[in-house]
Amino acid sequence: MTSTDTPHNLVPQDSADPAAPKGAPVMLALHQTALGGPEVLRLTELPRPAPGPGEILVAVHAAGLNPTDVKHRAMSLFLPPPPLTLGWDVSGTVVETGFGVTLFRPGDEVFGMLPYPHGAGSHAEYVTGPTRAFATKPAGIDHVHAAALPLAALTAWQALVETADLRAGQRVLIHAAAGGVGHLAVQIAKERGAHVTGTASAPKHDFLRELGADACIDYRSEDFTDAEEPYDVVLDTLGGETATRSVGVLRPGGVLVSLLPGSKDTRAAAEKAQVRAVALLVEHDHAGMRAVAELVSRDRLRAHVSGTFPLAEGARAHALGETGRTTGKLVITVR
């Protein structure tokens with residue numbers, strides 16, 4: 001597909017840059033000019049980006065959808081106000097390399113996470129990003145499953161391995177263990193040799209056990225604080241009261257890693273309990289992506305994709321994603 005080709009199922013609904021030079025390469029993107037619900041997302045023709053020094057241009061085959069995409073669509077968080085194109089996960093083929101790039105060549109299949117938060121833009125036909133935000137796509141998985149991995153897997157890896165230093169024989173509690181980050185964290189924790197307990201609704205317990213979870217807690221009918229033994233690590237994907245209450249299930253010297261900003265109550269409880277409580281913001285990382293790829297290649301890590309949506313139907317993906325009930329990941333397909 002050339003830069004000016006339009007896939008048969010993608011019909012431009014809007015034009016964000018009518019003044020673009022005539023004949024310049026263009027692409028379709030899931031774009032928004034206002035904050036709001038899924039209806040603000042429009043399939044828009046935009047100029048195709050060009051790679052700068054140290055960057056690669058990637059023809060997007062698939063791009064993961066994460067809860068942060070849904071939140072940024074609706075409100076100003078880390079990004080400036082619209083216009084903007086969201087998407088941090090990407091799997092595709094290198095089209096062009098910028099000056100100084102030595103890791104990849106045109107035609108290479110790669111996957112990665114664009115720099116979070118300011119590097120968004122993968123919900124489009126093409127995207128540019130720093131070379132070292134990417135790694136070679138594992139040959140044993142397709143682009144859809146590769147695109148489901150980067151942000152969520154890097155989050156789990158950076159939380160459990162790099163921040164908490166999770167080791168064999170330790171006990172870890174993972175909240176929302178059937179979600180995007182959670183289901184990958186279960187697998188990474190098991191690969192580290194830990195005893196894994198996950199919280200999820202009862203119908204998802206079989207799924208967690210298939211991933212390797214040793215114990216499951218139904219958050220609807222059970223209290224996770226009724227633990228017979230303390231945990232060494234808690235991965236909190238929910239924040240708020242869950243984070244504060246999680247301090248009480250940790251042994252002294254244990255680690256609480258939250259993916260949302262901690263409250264004063266959580267920090268005070270952690271200090272009193274002699275527990276380390278930190279908030280993690282995922283970072284793009286070539287070494288981390290290579291570690292993820294290595295786990296995938298050894299069949300020790302896999303993404304569960306519960307739904308795929310073509311780029312033209314990205315608003316439907318957002319509508320489903322904001323229910324907060326998705327098992328695993330949703331993915332937007334482009335090629």
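**Thr-85, the nonpolar cores and a surface patch**

In this predicted model, a polar contact of 2.8 Å links the side chain of Thr-85 with that of His-31.

Reader: Is Thr-85 buried or exposed?

Author: Thr-85 belongs to strand β5, which covers residues 84-85, and, apart from neighbours within four places in sequence, Thr-85 is in contact with several residues, including Ala-29, Leu-46, Ala-120 and His-123. The cut-off for buried is under 20% relative accessible area. Because the relative accessibility of Thr-85 is 14%, Thr-85 counts as buried.

Reader: Which helix gives the most residues to the largest nonpolar core?

Author: The largest nonpolar core has 73 residues, and those with the most contacts inside it are Phe-134, Leu-160, Val-172, Leu-208 and Leu-301. The helix that gives the most to this core, with nine residues, spans residues 150-163 and is α3.

Reader: How many residues make up the second, separate core?

Author: This core is separate from the largest one and includes Leu-173, Tyr-231, Leu-250 and Val-275. Its number of residues is eleven.

Reader: Is Met-75 of the nonpolar surface patch buried or partly exposed?

Author: Met-75 lies in the loop between α1 (67-74) and β5, and together with Leu-77, Phe-78 and Leu-281 it forms a nonpolar patch on the surface, with about 360 Å² of accessible area together. A residue counts as buried under 20% relative accessible area and as exposed over 50%, with partly exposed in between. Because the relative accessible area of Met-75 is 43%, Met-75 is partly exposed.

Key
Residues are numbered from 1 along each chain as its sequence is written. This is a predicted model: local features need pLDDT of at least 70, side-chain atom pairs count only at pLDDT 80 or more; totals for chains, interfaces and linings use all residues. Side-chain values use heavy atoms; hydrogens and water are left out. A nonpolar core is a set of buried Ala, Val, Leu, Ile, Met, Phe, Trp, Tyr and Cys residues joined through side-chain atoms within 4.5 Å. Buried means under 20% relative accessible area, exposed over 50%, partly exposed in between (1.4 Å probe, protein chains only). Helices (H or I, at least four residues) and strands (E, at least two) are DSSP runs, numbered from the N terminus. A polar contact is a pair of N or O atoms within 3.5 Å; within protein, one must be able to donate a hydrogen and the other to accept it, and residues adjacent in sequence count only if both atoms are side-chain atoms. Contact means heavy atoms within 4.5 Å. Patches are made of residues with over 30% relative accessible area and no salt bridge: like charges are joined within 9 Å, nonpolar side chains (Val, Leu, Ile, Met, Phe, Trp, Tyr) within 5 Å. Accessible areas come from the Shrake-Rupley method with a 1.4 Å probe; for residues, only the protein chains shown count as cover. A salt bridge is a side-chain nitrogen of Lys or Arg within 4 Å of a carboxyl oxygen of Asp or Glu.
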